[in-house]
Amino acid sequence: MKSKKLGKRYKDGEIIIKQGESGNSLYVIQEGRVDVIHETPEGDIKLAELRESDFFGEMGLFEEDVRSCTVRAAGQATVLTIDKRNFFKSIRRDPSLAYRLLEKMSNRLREANEKIQTT
């Protein structure tokens, strides 16, 4: 028997977050895959494909700003939304979550810098 997931189920191609919209939540992929897309006037550019246990939208937890990319389901996906209040409650229970989040954000920044330097 499959375990019940708490997250929302998305259909193939369904938008989870939209570039340009405001947001203040973190998203964790429980099942499936999502594509991270940067929308430009010339067309969409796929920046990454994320899988189970990956997360996105973390910048919304720290700053009130608009989403820098669109994220949409690549096939069926189950994604858990964690708002700022619940995220900080989780950090108080398990401070290592903050470290893992910062580590992942640091890796993403390094990858972005490398892409910029090679273009």
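Student: What makes the contact between the side chains of Asp-44 and Arg-72 a salt bridge?

Tutor: Happy to start there, with the reminder that this is a predicted model. The N to O distance for Asp-44 and Arg-72 is 3.6 Å. The cut-off for a nitrogen of Lys or Arg and a carboxyl oxygen of Asp or Glu is within 4 Å, so the pair qualifies. Asp-44 belongs to strand β6 and Arg-72 to strand β9 (residues 70-73), so this contact ties together parts 28 residues apart in sequence.

Student: Why does Asp-44 count as partly exposed?

Tutor: Its relative accessibility is 47%. Buried needs under 20% and exposed needs over 50%, so a value in between earns the middle label. Arg-72 has 25%, so by that reasoning Arg-72 is partly exposed too.

Student: How do you know that Asp-35 and Lys-46 meet in a salt bridge?

Tutor: Their N to O distance is 3.3 Å, which is within the 4 Å limit. Asp-35 sits in strand β5 (residues 33-40) and Lys-46 in strand β6 (residues 43-51), so the pair joins parts that are 11 residues apart in sequence.

Student: Is Asp-35 buried or exposed, and why?

Tutor: Asp-35 has 14% relative accessibility, and under 20% means buried, so Asp-35 is buried. Its partner Lys-46, at 49%, falls under the 50% that exposed requires, so Lys-46 is partly exposed. Both residues also belong to a network of salt bridges that includes Arg-33, Glu-49 and Arg-51.

Student: What makes β5 and β6 a pair of strands?

Tutor: At least two bridges are needed for pairing, and β5 and β6 have eight, in the antiparallel sense. One of the bridge partnerships is Glu-39 with Asp-44 in β6. A hairpin of two residues connects β5 to β6. On the β9 side, β5 has four bridges, again antiparallel, so that count also passes the minimum of two. There, Val-34 has Ala-73 in β9 as its bridge partner.

Student: In what order do the four strands of that open sheet come, and which are the edge strands?

Tutor: The order is β2-β9-β5-β6, with antiparallel pairing. At the edges are β2 (15-17) and β6, each of which pairs on one side only. From one strand to the next, the twist averages 35°.

Student: How many salt bridges does a search of the whole structure find?

Tutor: The search finds eight. Another pair to look at is Arg-9 with Glu-31, whose closest N and O atoms are 3.2 Å apart. Being within 4 Å, that pair counts as a salt bridge. It links distant parts of the chain, with Arg-9 in strand β1 and Glu-31 in strand β4, 22 residues apart. Arg-9 has 45% relative accessibility, between the 20% and 50% limits, so the label is partly exposed.

Student: Why do β1 and β7 stand at the edges of their sheet?

Tutor: This open sheet of four strands runs β1-β10-β4-β7, with antiparallel pairing. Both β1 (8-10) and β7 (55-56) have a single partner strand, so each has one side without a neighbour in the sheet. Inside the sheet, β4 (residues 25-31) and β10 (residues 77-83) are antiparallel and share six bridges. Among them, Tyr-27 has Thr-81 in β10 as its bridge partner. Helix α1 (residues 84-93) packs on this sheet, touching β4 and β10, and its direction makes about 85° with that of β10.

Student: How do you know that the buried residues of α1 are on the same side?

Tutor: The buried residues are Phe-87, Ser-90 and Ile-91. They cover an arc of only 105° around the axis, which puts them on the same side of α1. In general, an α-helix has 3.6 residues a turn, so residues three or four places apart point the same way. The elements covering the buried residues of α1 include β4, β10 and α2 (96-118). On the other side of α1 are Arg-85, Arg-92 and Arg-93, which are exposed.

Technical notes. Residues are numbered from 1 along each chain as its sequence is written. This is a predicted model: local features need pLDDT of at least 70, side-chain atom pairs count only at pLDDT 80 or more; totals for chains, interfaces and linings use all residues. Side-chain values use heavy atoms; hydrogens and water are left out. Contact means heavy atoms within 4.5 Å. Axes are lines fitted to C-alpha atoms, for helices over the stretch in contact, and angles run from 0 to 180 degrees between N-to-C directions. Buried means under 20% relative accessible area, exposed over 50%, partly exposed in between (1.4 Å probe, protein chains only). The arc is that of the directions from the helix axis to the C-beta atoms.
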